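User: I'm new to this structure and would love a close look at one part of it. Could you take me through the open sheet and what surrounds it, step by step?

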Amino acid sequence: MNEPRTIPSRPRDRLFAVVTLLLAVLLLPVALVRCPGRALELACAWALWMRFPAEDLTGLTDGAMAAFTAARTEAFWRYGQLIGLTSGHRDPLVQQRMFDDEVRRTGSPALARMLVLPPAESRHVQGIALDVRPHEGARWLEEHGARHDLYRMYDNEWWHFEHHPEYGGMPPRRRPHPGVRYVSENGNRYVSGE
């Protein structure tokens, strides 16, 4: 498998993580009063909302939302790692527009499928796909996400994870890109989509 190009940490990313963690610690007493059983999750969510204010978790399946919330809370409190969402659920019309734009940019549907799938095949439209940031958070999720049934799916997309409880904690074999699917039982042969 091709490993992603390593993107070095920037000093400001570490600073953002420290400031966000301090903010969550300050918010923890309020979270304890508001919801004692979920105080860590709530303080984490508030602090990450301030760090990543454009996030939108609506439209994710209940399972995907619960898995992502649990994973990012664990990453935050146990490892000091921030995980933000850049894209979750997408409306089919938005996904179609993205696919059409990529077809225009690349000149062919087959090339477009290397980065964007049409709505009928997109896990974003199904509400189980999560595009995350920053790179360090994605690395953490790749290493620990199976505990939450979250898996990196493609070699060419370090940011793309999907919620698959049916895998039972066993990461699937990654595909080179979204437009490829397995055609043999043992997963040794790929075919590109049409």
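Analyst: Happy to. One term will help first: a polar contact is a pair of N or O atoms within 3.5 Å, where one must be able to donate a hydrogen and the other to accept it. Please also keep in mind that this is a predicted model.

Let's begin with the whole chain. It holds seven helices and six strands, and along the sequence these follow the pattern α-α-α-β-α-α-α-β-α-β-β-β-β. Of its 194 residues, 43% are buried. Among contacts with a separation of 6 or more, 56% are between residues 24 or more positions apart.

Now to the sheet. Four strands form an open sheet in the order S1-S2-S4-S3, and their pairing is antiparallel. Strand S1 (84–87) and strand S3 (150–152) stand at the edges; each has a single partner strand, so one side of each is left without a neighbour in the sheet. On average, neighbouring strands here are turned by 45 degrees against each other, direction ignored.

Look next at the pairing of S1 with strand S2 (residues 129–133). The two run antiparallel and are joined by three bridges. Leucine 85 has valine 132 in S2 as its bridge partner. Helix H3 (residues 62–79) packs on the sheet, where it touches S1, S2, S3 and S4. The direction of H3 makes about 140 degrees with that of S1.

Strand S4 (residues 160–163) includes histidine 160, a good residue to zoom in on. Histidine 160 has a relative accessible area of 4%, so it counts as buried, the cut-off being under 20%. Its side chain takes part in polar contacts: one of 3.1 Å with the side chain of aspartate 131, and one of 2.8 Å with the side chain of glutamate 162. Leaving aside neighbours within four places in sequence, histidine 160 is in contact with His124, Ala129, Leu130, Asp131, Tyr151, Arg152, Met153 and Tyr154.

Two loops beside these strands have backbone details to look for. After S2, in the loop leading to helix H7 (135–144), you will find proline 134. The peptide bond joining arginine 133 and proline 134 is cis, with omega about -20 degrees. Further along, the loop between H7 and S3 holds aspartate 149. The phi of aspartate 149 is near 60 degrees, a positive value in a residue other than glycine.

To finish, step away from the sheet to helix H2 (residues 39–51), where leucine 48 sits. With a relative accessible area of 0%, leucine 48 is buried. Not counting residues up to four places away in sequence, leucine 48 touches Thr20, Arg72, Phe76, Leu82 and Ile83. Leucine 48 and leucine 82 are 34 residues apart along the chain, yet their C-alpha atoms are separated by 7.5 Å.

A word on the cysteines, too. The structure holds zero disulfides. Cysteine 44 is buried, at a relative accessible area of 1%, whereas cysteine 35 is partly exposed, at 23%.

Definitions and conventions. Residues are numbered from 1 along each chain as its sequence is written. This is a predicted model: local features need pLDDT of at least 70, side-chain atom pairs count only at pLDDT 80 or more; totals for chains, interfaces and linings use all residues. Side-chain values use heavy atoms; hydrogens and water are left out. Buried means under 20% relative accessible area, exposed over 50%, partly exposed in between (1.4 Å probe, protein chains only). Contact means heavy atoms within 4.5 Å. Two strands pair if DSSP finds at least two bridges between them. Axes are lines fitted to C-alpha atoms, for helices over the stretch in contact, and angles run from 0 to 180 degrees between N-to-C directions. A disulfide is a pair of cysteine sulfur atoms within 2.5 Å.
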